[in-house]
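Me: I've got a model open and a pile of terms I'd like justified. Can we go through them one at a time?

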Amino acid sequence: MKRINLLKDKLIGVTLIKYALIASCFILLAGCTKNFENMNTSNAGITKAQLGPDFNFIGQYYPGIQQHIFGEEGDYQLCQNLNSDCYSGYYMSPDPFRGNINNQSYSLVDGWNSDVFTMAYGQVVGPINVNLKNSARIAYPHFWAIALILEVQAISRVTDYYGPIPYSKEGTSGATTPYDSQQTVYNTFFLQLDTAVNNLTAYVKANPGLKPFAKFDMVYAGDYTEWIKYANSLRLRLAMHIVNIDPTTAKTQALKAINDPGGLISINTDNAAVNGVLSYHNPIWWIGTSWTDLAAGASLTSYLNGYNDPRESKMLSPATAPTAIAGQYVGIRAGTPVGGKPMYNTYSQPNYTTISEYSPMYLINAAEVWFLRSEAALRGWTTESAQTDYETGVSTSMAQWGASVGGYLSDATSTQADYVDPLTPSAGTPNASIKAISTITIAWNNAATNEQNLERIITQKWIANFPSGGWEAWTDYRRTGYPRLFPVVVNNSGGTISTTLQIRRIAYPSSEYTQNGTNVAAAVALLGGPDNGGTPVWWDTNKGQAVPKNF
């Protein structure tokens, strides 16, 4: 598996030229290093002497790493939009890619899914291991802390997509790299976050107010106190991922996050997001407006409609046709054969006024953290009020979208709405219309079971994580069974993925079998099932069962 050891020439000689230039723009804007008249004196376009002042020699790599958490337009579409964004119920493309035989109908496309691997290892792990590990880890531990947080953020998606992955030995084993179990990967994440928080806390204590990372920072403008909150919040998220398989570790890590003096993301100004600056466009905006490949998912519109949710008009635009739904919020159900029906382009799409060209791409927001705290309280881990945390999460999300909460939190009757697709059934197209499958209401109910209130928490967390939180939403769906999502209309998996249980993971890239066959075979053995979308990952104990069991 030729990733890290053979990436150095590519990263320095080709791939990083763009990001070195972007970094140089950060530097110029900050007014620090000015002598850029000879841009051809190194493979990266700037000399070592020019990069020396103000951490430029290591800082140059960070803009590219941050941008590739989500990726740019094409990478984002393959890495998230055409898999987890769809599997989480947020989106469905009106474009009949590959004659409707694609990821959205469970016919997994190797070329699409392999991009998750290549982007994460090539554009995040590669620069960190090749360019930052030796230069920053000891000499500049605060810069190394940021690299660790970004690596955990990026690779958590990879392991949650696939299961076992190469991680602890990545970059040390030549052309082939052993895979770690997913449990090992998670334990490594927690250790990396320990180092990151400790390094940043020490730096802030010794250097209050200093922001040496500011001109390279696309998330917090160099504010290390916010990066500490982000790291703690990420730890809390990851702890909750494993609650059903390793509750002891989950509780320990969650409490470590909650009790850390650096705090958690708690208000919208704390939100962690990659902000669109310079050449980085919001990829959701780009895919929707430039390629018209994006529509809302039917599950999303059915909940927002049923709840009369005041965020709906901020999140989505109404359908413009056909006449039966014009002016209404109607998405497309996953797996709908959209080929030959260009009118699906007129169904509801993201609202490109609020989700615009340079809108931030949220990594984790305050609302999600409040819902995580609510779940921790519901499980009896803290003395906080699960209801108060839940209601704070809803109110915080409303504020993020500029919507008024009004009487929303006291609504004890509204539930998910039925979904009606007026374009089906038709010749060659099965009926996509479906009755609501959830009866969960909005208002907190102290008389409800923990399972019912968990569904309430996760459903609102799911709404709050739109539009860029598809990978987390799919993880929550798999680990808890919530929110209840409509199944695919057409299942082209050939029987490897259950329509009822829905997709549980994506398959390893075929390139791993040709370049790293022995190790990927060992990874499949760790997985405990065939390498297809029907086999659950380690923490997925619900496995799509009809009656979720989380307590």
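**Terms put to the test**

Reply: Sure, starting with helix H11 (residues 247–259): it has 13 residues and reaches 18 Å from its first C-alpha to its last, close to the 18 Å expected at 1.5 Å a residue. This is a predicted model, where local features need pLDDT of at least 70 and side-chain atom pairs count only at pLDDT 80 or more, while totals for chains, interfaces and linings use all residues. Residues are numbered from 1 along each chain as its sequence is written, and side-chain values use heavy atoms, leaving out hydrogens and water.

Me: What makes H11 a helix, and where does the expected span come from?

Reply: Helices are DSSP runs of H or I with at least four residues, and strands are E runs of at least two, numbered from the N terminus. The expected span is 1.5 Å times one less than the number of residues.

Me: Which residues of H11 are buried?

Reply: Thr249, Ala250, Gln253, Ala254, Ala257 and Ile258. They cover an arc of only 160° around the axis, which puts them on the same side of H11. The arc is taken from the directions from the helix axis to the C-beta atoms. Buried means under 20% relative accessible area, exposed over 50%, and partly exposed in between (1.4 Å probe, protein chains only). The face turned away from the buried side carries the exposed residues Thr248 and Asn259.

Me: What do the buried residues of H11 pack against?

Reply: Helix H9 (182–206), helix H10 (224–241) and helix H15 (366–378). Contact here means heavy atoms within 4.5 Å.

Me: Why is Arg157 said to have no salt bridge?

Reply: A salt bridge needs a side-chain nitrogen of Lys or Arg within 4 Å of a carboxyl oxygen of Asp or Glu. For Arg157, which is buried, the nearest side chain of opposite charge, Asp85, is 7.4 Å away, so the 4 Å cut-off is not met. Lys and Arg count as positive, Asp and Glu as negative; His and the chain ends are not counted. Arg157 sits in helix H8 (residues 141–162), and its contacts beyond four places in sequence include Phe70, Met119 and Trp471.

Me: Why is Ala221 called partly exposed?

Reply: Because its relative accessible area is 47%, which falls between the two cut-offs for buried and exposed. Ala221 lies in the loop between H9 and H10 and has a positive phi of about 55° although it is not a glycine.
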